[in-house]
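Reader: I would love a close look at the aromatic residues of this protein. Could you walk me through where their rings meet and what surrounds them?

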Amino acid sequence: MLKGIANAFHVKELRDKILLTIGILVIYRIGAYLPVPGIPFQGMLNQFQTALDDQSALALLNLFSGGALARVSVFALGIMPYITAQIIMQMLQAVIPSLGEMAKEGDAGQRKITQYTRYVTVGLALLNAIGYLFLFKSDAYGIDFSAIAAPAWLLDTMVVLTMLAGAMIIMWLGEVITQRGVGNGMSLIIFANIMSGLPTAIFSSVSSSENGVVMTVLVILVILAVIPFIIYIERGQRRIPVSYAKRVSGRRVMGGQSTYLPVKVSTAGVIPIIFASAILYFPAQIAVFFPTVGWMQVFANAVSAGWLNWVLSVVLIVVFAYFYTSMVFNPEETADQLRKQGGYIPGVRPGATTAAYIKSVLDHITLPGAIFLALIAVVPSILFTFTSNTLIQAFGGTSILIMVGVALDTLTQVQSQLETHNYEGLFIR
């Protein structure tokens, strides 16, 4: 492992990508501490921290912003407007034929979809920024803006535009990582947000009670024990045997070899977790527009934590696992590609029968993988209800799944680039 990391820095192109990725994440974390102009920073921080202890919806919003929301920073909106926009565009591709065809047009089609995603992100970020402004000025926080010698409309505009600009910068930073760095920018930013809360969560867990040290050590040991199982599922695959018919080309005999078609247990990776979290995050976003409406706050908190959150998390993770798998793995296209290359699955007729067979395998293998991810995501939340341990709250199943999944995806990209330069990879075979 260490030798593989050293090899990664021996390749100039890969070293530059890694350093670029690290540099962007550092810039992002600095931005998470820059307060929005016009807001009394310390007063807002104190009021918000008190509210976080009582409102699960705000705690969820703050977690995915890496604490930027509690600090009312320039990056208070976080990456979620961009993720929500991507979810919307993914769903629209499934129901609007023109968008679905555009996604199949290669780089040109993807550029158009990316452009539309940016427009949707701007709209969502603007709505979120206005909602947070209402939240900051509500009686629940009591922040006095009148102490600042400036017209109220000017202060409101400045706060909204600053947060909107911050969301656009985050979107750009994520795209730069994806295009020029290592790994998926969106996932790595979420990874950085979760990791940023680790020191505070450990300290709070240790000092929470007389048995805080023992409980903290126990939680860390359980997390370390679960990680290998997560890696096993993430990298597990079903291998469908594929044979190629012999062809005669001149005097040479072509084909005749056998190989396999790998189908991952978790084809969608960590995306179902992120998408499910974004959907459950949405009621909390809406609730900030109406801080004085009691039933809406109750609903947002119920969706963010508790039995309703657990049920919805399981359902949404399974649904998005199937949905995203269908987006990235098309059995019809795979069967057609095999037919064109002279390949076939032994005992299965080429064409539609092969496509149906691959789809059946995909459906059967996706379900246990999705249920495993859902259970890992939900069980720690249930345990937190009975223990109130802050480390479990901050680093529950969802956080661990996201961190492990993102780490594996990033290391896999580094591994593939190392192998193209004939270097020993990160993983021991």
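Author: Let's start in helix α14 (residues 307–328), where F320 and F323 both sit, 3 residues apart, or about one turn of the helix. Helices here are DSSP runs of H or I with at least four residues, strands are E runs of at least two, and both are numbered from the N terminus. The model is a predicted one, in which local features need pLDDT of at least 70 and side-chain atom pairs count only at pLDDT 80 or more, while totals for chains, interfaces and linings use all residues. Residues are numbered from 1 along each chain as its sequence is written, and side-chain values use heavy atoms, with hydrogens and water left out.

How many aromatic pairs are there by this rule? The count comes to 2. Y28 and F75 form a stacked pair, 5.5 Å centre to centre with 10° between the planes. Because Y28 belongs to helix α2 and F75 to the loop between α4 (56–64) and α5 (80–95), this pair ties together parts that are 47 residues apart in sequence. Back in α14, the ring centres of F320 and F323 are 6.4 Å apart and their planes stand at 80°, so that pair is edge-to-face. The rule takes rings of Phe, Tyr and Trp (its six-membered ring) with centres within 6.5 Å; planes under 30 degrees apart are stacked, over 60 edge-to-face, and the rest tilted.

Are these rings buried or exposed? Y28 is buried, with a relative accessible area of 0%, and F75 is buried at 5%. F320 is buried too, at 4%, as is F323 at 18%. Buried means under 20% relative accessible area, exposed over 50%, and partly exposed in between (1.4 Å probe, protein chains only).

Helix α2 also has another side to its story. V26 has its place in that helix and, at 44% relative accessibility, counts as partly exposed. V26 joins F9, L19, I22, I30 and L34 in a nonpolar surface patch of about 520 Å². Helix α2 (residues 12–31) gives the largest share of the patch, 4 residues. Such patches take residues with over 30% relative accessible area and no salt bridge, joining nonpolar side chains (Val, Leu, Ile, Met, Phe, Trp, Tyr) within 5 Å and like charges within 9 Å; a salt bridge is a side-chain nitrogen of Lys or Arg within 4 Å of a carboxyl oxygen of Asp or Glu.

For the wider setting, the protein has 18 helices and 5 strands, and buried residues make up 46% of its 429 residues.

Notes
Areas by Shrake-Rupley, 256 points an atom, 1.4 Å probe, with all protein chains shown as cover.
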